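The following report describes a single protein chain, moving from its overall make-up to particular residues and the pairs they form.

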Amino acid sequence: MESKATASLTIPGATPAAKTVESMDDLGAHAPAARAVSPDGDVLLLVPGGSAAARAAAYAQDDEATCVMEITDVAPVAVAHRIRGRAWVGGWLTPVRDRERAAAAALLAPAGGPLGELLGIGEALAGGGGGWALLRLEVGEACVDDLWGADAVEPDDFATAAPDPLAPHEAELLQHLHAAHDDQMRGLCSLLGDHPDRACGMRGRAIPVALDRFGLRVRFPDAPGNPFDARFDFPEPVRNISELRRAMHALFDAAAD
């Protein structure tokens, strides 16, 4: 789940704790500090130990602590209507047990990573506290509403979905394209049909808003009539930055012909 997305948790029936420093409710109790997906398809969450989510999981009986995580995906470039999509993952919340904490922590903050050092995950594991709680959200249902449309996602599909190889680098790549390749981005108008000026305007902007292994999505905010997004697919999915570089050069070359 490496992206510019933010997540919030809703626990039906949970009541906020007293607003004290210890409860940490004022420090984002309903926003996990880190999240990851386990090999089994569960969502692992790192939350403040005094948060409503931690309390609900600790006191739940028979896995009855239901939870909905809402994820909001925001474009990492300056553009109007920056929200690219939202997703909702619902299921059952339980604490990560002692024997599983090390593996969960490794997924949430790999050894030596800045997040682990910042939050003191190693100390929390060793001491069984540290002000943080490791939780597991067993996925019962999920749905997505994004630039590509709205659809439900089956738990099995969620569990087996492969992470996009460009996700950890997407924000940096989009910002680079926007800052350093403005002329080439605007040149993509030539791929939109027989009348690119009607689509983009003579001096219109072309802002990259999404990038994945399948292609690039560009917003044309100055198009006469209504702004619109266009999708430029790669000939085949890219697997790494080297393949992305070749795919982008091929795309720009096609636009220049």
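## Overall make-up

Helices and strands are taken here as DSSP runs, with at least four residues for a helix and at least two for a strand, and they are numbered from the N terminus. In this predicted model, the protein has 9 helices and 10 strands.

Of the 257 residues in the protein, 41% are buried. Among the contacts with a separation of 6 or more, 64% are made by residues 24 or more positions apart. The accessible surface of the protein is about 14,300 Å², and carbon and sulfur atoms contribute 53% of that surface.

## Helix α1 and its packing

Helix α1 spans residues 52-59, and its buried residues are A52, A53, A54, A56 and A57. These buried residues of α1 pack against four strands that are named individually as β1 (5-10), β3 (43-48), β5 and β6 (132-146).

## The loop between β4 and β5

Strand β5, which covers residues 83-95, is preceded by a loop that follows β4 (66-74), and H81 is found in this loop. The phi angle of H81 is near 55 degrees, a positive value in a residue other than glycine. With a relative accessibility of 71%, H81 counts as exposed, because the cut-off for that class is over 50%.

## The aromatic pair

A search of the whole structure returns 1 aromatic pair. The pair consists of F220 and F228, whose rings are stacked, with 5.1 Å from centre to centre and 25 degrees between the planes. The pair counts as stacked because planes under 30 degrees apart fall into that class.

The two partners are assigned to separate accessibility classes: F220 is buried, with a relative accessible area of 0%, whereas F228 is partly exposed at 26% relative accessibility.

## Salt bridges

The count of salt bridges comes to 13. In one of them the side chains of D164 and R213 meet, with 3.1 Å from N to O. This pair links distant parts of the chain, since D164 sits in the loop between α5 (155-160) and α6 (170-180), while R213 sits in the loop between β8 (207-212) and β9 (215-220), 49 residues apart. At 17% relative accessibility D164 counts as buried, whereas R213, with a relative accessible area of 22%, is partly exposed; the two residues are classed in this way because the boundary for buried residues is under 20%.

A further salt bridge joins R217 and D229, whose closest N and O atoms are 3.6 Å apart. R217 lies in strand β9 and D229 in strand β10 (residues 228-233), so this pair ties together parts that are 12 residues apart in sequence. R217 is buried at 12% relative accessibility, while D229, at 24%, counts as partly exposed.

## Another pair and a network

The side chains of E243 and R239 also meet in a salt bridge, with an N to O distance of 2.6 Å. Here the acidic partner E243 is buried, at 13% relative accessibility, whereas R239 is exposed, at 65%. Finally, D42, E100 and R136 are linked in a network of salt bridges.

Definitions and conventions
Residues are numbered from 1 along each chain as its sequence is written. This is a predicted model: local features need pLDDT of at least 70, side-chain atom pairs count only at pLDDT 80 or more; totals for chains, interfaces and linings use all residues. Side-chain values use heavy atoms; hydrogens and water are left out. Buried means under 20% relative accessible area, exposed over 50%, partly exposed in between (1.4 Å probe, protein chains only). Contact means heavy atoms within 4.5 Å. Accessible areas come from the Shrake-Rupley method with a 1.4 Å probe; for residues, only the protein chains shown count as cover. Rings of Phe, Tyr and Trp (its six-membered ring) pair if their centres lie within 6.5 Å; planes under 30 degrees apart count as stacked, over 60 as edge-to-face and the rest as tilted. A salt bridge is a side-chain nitrogen of Lys or Arg within 4 Å of a carboxyl oxygen of Asp or Glu.
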